[in-house]
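Colleague: Please take a close look at the strands and how they pair. I am new to this structure, so short steps would help.

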Amino acid sequence: QVQLVESGGGLVQPGGSLRLSCAASGSRFSIYAMAWYRQAPGAQRELVAYINNGRTNYVDSVKGRFTISRDNAKNTVYLQMNSLKPEDTAVYYCNAYLVVDKRYDYWGQGTQVTVSS
């Protein structure tokens, strides 16, 4: 199992930047694929970005603005968010997943990101 704690959210003006961090505890962090999801009020949770075996992928709305990365030595995954827009406002969740006989998902508690002037 893995436990996840997000940090780095807050209030930022449009065009600004934030870096989210997700610290993982537990064993064998490096075997997990990692992802960031977000959920805006009244909306479904959506996948923002994932990193798996060095490959990354992003939802179209954040391509060129967000970057996901991980540091296995620090058991941490990051989401660098640049050129933020009001529509990026949401609770951002860190996700660790592993597919063996089935998919195993672990979630953090979420961190609020608000983009507003």
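Modeller: Two strands pair if DSSP finds at least two bridges between them. Strands themselves are DSSP runs (E, at least two residues), numbered from the N terminus. The model is predicted, so local features need pLDDT of at least 70 and side-chain atom pairs 80 or more, while totals for chains, interfaces and linings use all residues. Residues are numbered from 1 along each chain as its sequence is written, and side-chain values use heavy atoms, without hydrogens or water.

Start with the open sheet. It has four strands in the order β1-β3-β8-β7, and the pairing is antiparallel. Its edges are β1 (2–7) and β7 (66–71), each of which pairs on one side only. At the β7 edge, six bridges join β7 to β8 (residues 76–81), and the two run antiparallel. One pair to find there is T67 with its bridge partner in β8, Q80.

Now move to β4, β5 and β6. Strand β4 (residues 33–39) pairs with β5 (residues 46–52) in the antiparallel sense, over five bridges. Six residues separate β4 from β5 in this hairpin. In its turn, G42 has a positive phi of about 75 degrees. Strand β5 also pairs with β6 (residues 55–58), again antiparallel, over four bridges. That hairpin has two residues between its strands. N53 in the turn has a positive phi of about 50 degrees.

Look at Y50 in β5. A35 stands opposite Y50. In β6, the bridge partner of Y50 is N57. Strands of a sheet pair through backbone hydrogen bonds, either parallel or antiparallel.

Next, go to G16, in the loop between β2 (10–12) and β3 (18–26). G16 counts as buried because its relative accessibility is 18%. Buried means under 20% relative accessible area, exposed over 50%, partly exposed in between (1.4 Å probe, protein chains only). Leaving out residues up to four places away in sequence, G16 touches M81, N82, S83 and L84. Contact here means heavy atoms within 4.5 Å. G16 and L84 are 68 residues apart along the chain, yet their C-alpha atoms are separated by 5.5 Å.

Last comes T111, in strand β11 (residues 111–115). T111 is buried too, because its relative accessibility is 12%. Neighbours within four places in sequence aside, its contacts include E6, S7, G8 and G9. L20, A90, V91 and Y92 are also among the residues that T111 contacts.
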